[in-house]
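Here is a guided look at a two-chain model, written for someone who likes to check contacts by eye. Load it up and follow along.

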Amino acid sequence: MAEQAVQNREKFRIRISKRAEVGTKKAVLFRAISVAAAIIAGGLFILCIGYNPFSVYGTIIKGAFSTSMAFQATVKVMIPLLISSLGVTLAFKMKFWNIGAEGQIIAGAICASYFALFHADLPHFLLMIIMFAAGIIGGGLYGLIPAFFKAKFGTNETLFTLMLNYIALYVIVWLRDGAWADPESGGFPKIARFVSNAQLDKVGGIQVGWIIGLILTVIVFIYLKYTKHGYEISVVSESHATARYAGMNPKKIMLRTMFFSGAVCGIAGMVQATGSDMTLATSVAGGVGFTAIIVAWLAQLEPIAILIVSFLFSVLEKGSSVMQSTFGLSTYCADVLQGIILFFVLAGEFFIRYKFVVNGKERN
Amino acid sequence: MDMFINFLVAAVLAGASLLYGTVGEIINQKSGHLNLGVEGMMAIGACAGFMAGYRFDSLVIAIIAAFLSGAAAALIYAVLTVTFMADQNVTGLTLTIFGCGLSNFIGEYNITRSETGNLKLPEHIMSQLRNIHIPVLSDIPVVGKLFFSYNIFIYLGAIIAIIVYIYLFKTKTGLNLRTIGENPAAADAVGIHVVRSKYINLLIGGGICGIGGAYCSMIVCGGVWMSDSVNGMGWISVALVIFAAWSPLKAIGGSLVFGAFSVLKYYMPKSVITLPNAFYDMLPFVITALILVITSVRKNKGRMQPASCGVNYFREER
């Protein structure tokens, strides 16, 4: 009897084994399946709270595209998300866990805002260039801090960049309540609105940030794929020892890449402050830095895919804002749906890399 | 003197949610999982605890609900990272976004369906949440106020921290868990059930975080539902794990210190030093960043992260 039981148990042994490389087509198919499953699961969630998933999803799409104004708003949401996703991608390619995009966005925005507030009398074009450069330098230097300590002492960058996010946030609060407080706000804590000379121009009804984002997508794509720097990043990500053996200086590469990563995020901050907010608000990053990490990861750190994923996320974000007026559902619904989608895609990755083996026989 | 005692009491109250989050994250990290979802697990616990208290008017049910929902959130993380071997950083971040979103969503959902336009805990549970008063003990000057005059969450937190310390460092199961965190393959080789142990401990850690969230929504917000009640406490908890050197006992002291930083601005006499409020708010994060740097410079072996933390265990890759 006991033997029989053991045999029976043996019959249903399931184990996990690694898959051989999966082709791109199959991988894309797997991801499409997980996204589809996620949308169904999101629909079940909507059903659970008593709404018709089709009409809610329909409202999201309509809310993002129905009028040209809605579409412009969608793109406006997308701009900082796209740019900062590209920023964190640079660091992630190196397996440097830059969770600090929030902080780097803020640092870039602060530096750019300084010129917008105190040197707004410069010629417009010159001022824009200076502010752009200030964003790059602010974000870049802020990204350099964790890289420096990581290179020098091996300080854990995940937690360190996380702390820098909050420090940057409170720098804005400090400026808002002190040196940069708007004297005409009547005691309401805020920083003055930028004069029109210090505001980013519009192209096609949307701030010029969307062009900057597209250009950066191409630059990051080329940088990672076709330049020596990009190659060095991929070697360092695999092994510092290998990189050293090949005559590279991993520490220098780490510092340089993190400067660029922070700099791109800084651009996102500059564009958001001068193009969309027209002032320096504490919400200038507003969680975009965290969402960017998810976008970058979902897109498998491919710049072109980032363009698509960040657009889809923006549709979800903008469309959800309409849900509030149509269904009385709060915009937090977007976060829940984002989470559900990502959980499914994360689980889906497993099936790309591994497979189940039942009773010693392979099964897909 | 009175001022100083008030300051210490305020520090204890401000640090309590951190203690829960930190102890929960210590268990998670000891099992080899750097869970960045503490904020999300706390937010879900905050929501479940508050809503259960609101509906059933019972503190016990509220705490159990917070624990179970925190554990349920951790279950998502555990399934994805232990079984599906997904990236721990991304999974944790997603859990945070999802958890905070879900918590706020359910809160607003219930607000729009309430008659008064806000959610307020009923009277019975509010009386259970008030500071305890033990005859004689609470009346001792200074000592009574410092030790015997808090709400029930404070004592529960301290008890949990001590129990977790004993569990991790004085029992065989705890030793097994620490082995898994350091070297899962070796643990597997000596017959420890790695996957089961990871699941159980991730869930327990998540549950403890959930209770910490309930503290934020029920005590810190004074019995009225507010969105984002956890407000970064989960992230500070992740940092505090390092400050506490992965010891639940040191976490008690650590959460007190961090609690003190967060209330310092209300108690610093203006005659001594005047600093902008933002500086005080920034202080815990600056200190944590400094501690990160200092511990990495000293490379103290007793104060290191469990070796396999952040790396998923795949049995066939030993």
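The sections below cover the interface, the cysteines, the salt bridges and two residues of chain B.

## A word on the model

Please keep in mind that this is a predicted model. Every value below is computed from its atoms.

## Where the chains meet

Let us start with the contact between the two chains. Chain B brings 48 residues to it, and chain A brings 48 residues as well. Together they bury about 4400 Å², and carbon and sulfur atoms give 78% of that area. Three phenylalanines are worth highlighting in your viewer: B:F84, B:F105 and B:F285 supply 15% of the area that chain B buries against chain A, more than any other three residues.

Which elements of chain B give two or more residues to the side that touches chain A? They are α3 (59-83), α4 (88-113), α11 (233-243) and α13 (277-298) of chain B. The largest share comes from α4(B), with 16 residues. Sorted by character, the residues on this side of chain B divide into 28 nonpolar, 12 polar and 8 charged.

And how many salt bridges cross the interface of chain B and chain A? The rule finds 0. Polar contacts do turn up there: 3 residue pairs qualify, with both partners at pLDDT 80 or more.

## Cysteines without partners

Over all chains, the count of disulfides is 0. A:C333 is one example of a cysteine in no disulfide, as the nearest cysteine sulfur, in A:C48, is 12 Å away. A:C333 is buried, with a relative accessible area of 1%.

Chain B offers another case. Why is the sulfur of B:C216 not bonded to the closest cysteine sulfur, in B:C221? The two sulfurs are 7.4 Å apart, which is too far for a bond, because a disulfide needs them within 2.5 Å. B:C216 counts as buried too, at 2% relative accessibility.

## Salt bridges

Side chains of opposite charge can pair when their charged atoms come close. The structure holds 9 salt bridges over all chains. One of them joins A:R31 and A:E349, whose closest N and O atoms are 2.8 Å apart. A:R31 lies in helix α2 (residues 24-48) of chain A and A:E349 in helix α14 (residues 332-353) of chain A, so this pair ties together parts that are 318 residues apart in sequence. As for their surroundings, A:R31 is partly exposed, with a relative accessible area of 21%, whereas A:E349 is buried, with a relative accessible area of 9%.

A second pair is A:K95 with A:E238, where the closest N and O atoms are 3.8 Å apart. A:K95 sits in the loop between α4 (68-93) and α5 (101-118) of chain A, while A:E238 belongs to helix α9 (residues 228-238) of chain A, so parts 143 residues apart in sequence are tied together here. A:K95 is partly exposed, with a relative accessible area of 46%, and A:E238 counts as exposed, at 64% relative accessibility. The side chains of A:K150 and A:E157 also meet in a salt bridge, at 3.0 Å from N to O. In that pair A:K150 is partly exposed, with a relative accessible area of 27%, but A:E157 counts as buried at 5% relative accessibility. There is a network as well: salt bridges that share partners join A:K228, A:E232 and A:R256.

## Two residues of chain B

Buried or exposed: which describes B:T288? B:T288 is buried, with a relative accessible area of 2%. Its place is in helix α13 of chain B. A polar atom of the B:T288 side chain lies 2.7 Å from the backbone oxygen of B:P284. Leaving aside residues up to four places away in sequence, B:T288 touches A:M163, B:A239 and B:F258.

For B:E123, look at helix α5 (residues 123-129) of chain B. B:E123 counts as exposed, at 55% relative accessibility. Its side chain makes a polar contact with the side chain of B:R130, at 3.2 Å. As a distance check in your viewer, the C-alpha atoms of B:E123 and B:D2 are separated by 31 Å, the two residues being 121 residues apart along the chain.

How values were computed:
Residues are numbered from 1 along each chain as its sequence is written. Chains are lettered from A and ligands numbered from 1 in the order in which they are written. This is a predicted model: local features need pLDDT of at least 70, side-chain atom pairs count only at pLDDT 80 or more; totals for chains, interfaces and linings use all residues. Side-chain values use heavy atoms; hydrogens and water are left out. Contact means heavy atoms within 4.5 Å. Buried area is the accessible area (1.4 Å probe) that two parts lose on being put together, summed over both. A salt bridge is a side-chain nitrogen of Lys or Arg within 4 Å of a carboxyl oxygen of Asp or Glu. A polar contact is a pair of N or O atoms within 3.5 Å; within protein, one must be able to donate a hydrogen and the other to accept it, and residues adjacent in sequence count only if both atoms are side-chain atoms. Helices (H or I, at least four residues) and strands (E, at least two) are DSSP runs, numbered from the N terminus. Ala, Val, Leu, Ile, Met, Phe, Trp, Tyr, Cys and Pro count as nonpolar, Asp, Glu, Lys and Arg as charged, and the others, Gly among them, as polar. Buried means under 20% relative accessible area, exposed over 50%, partly exposed in between (1.4 Å probe, protein chains only).
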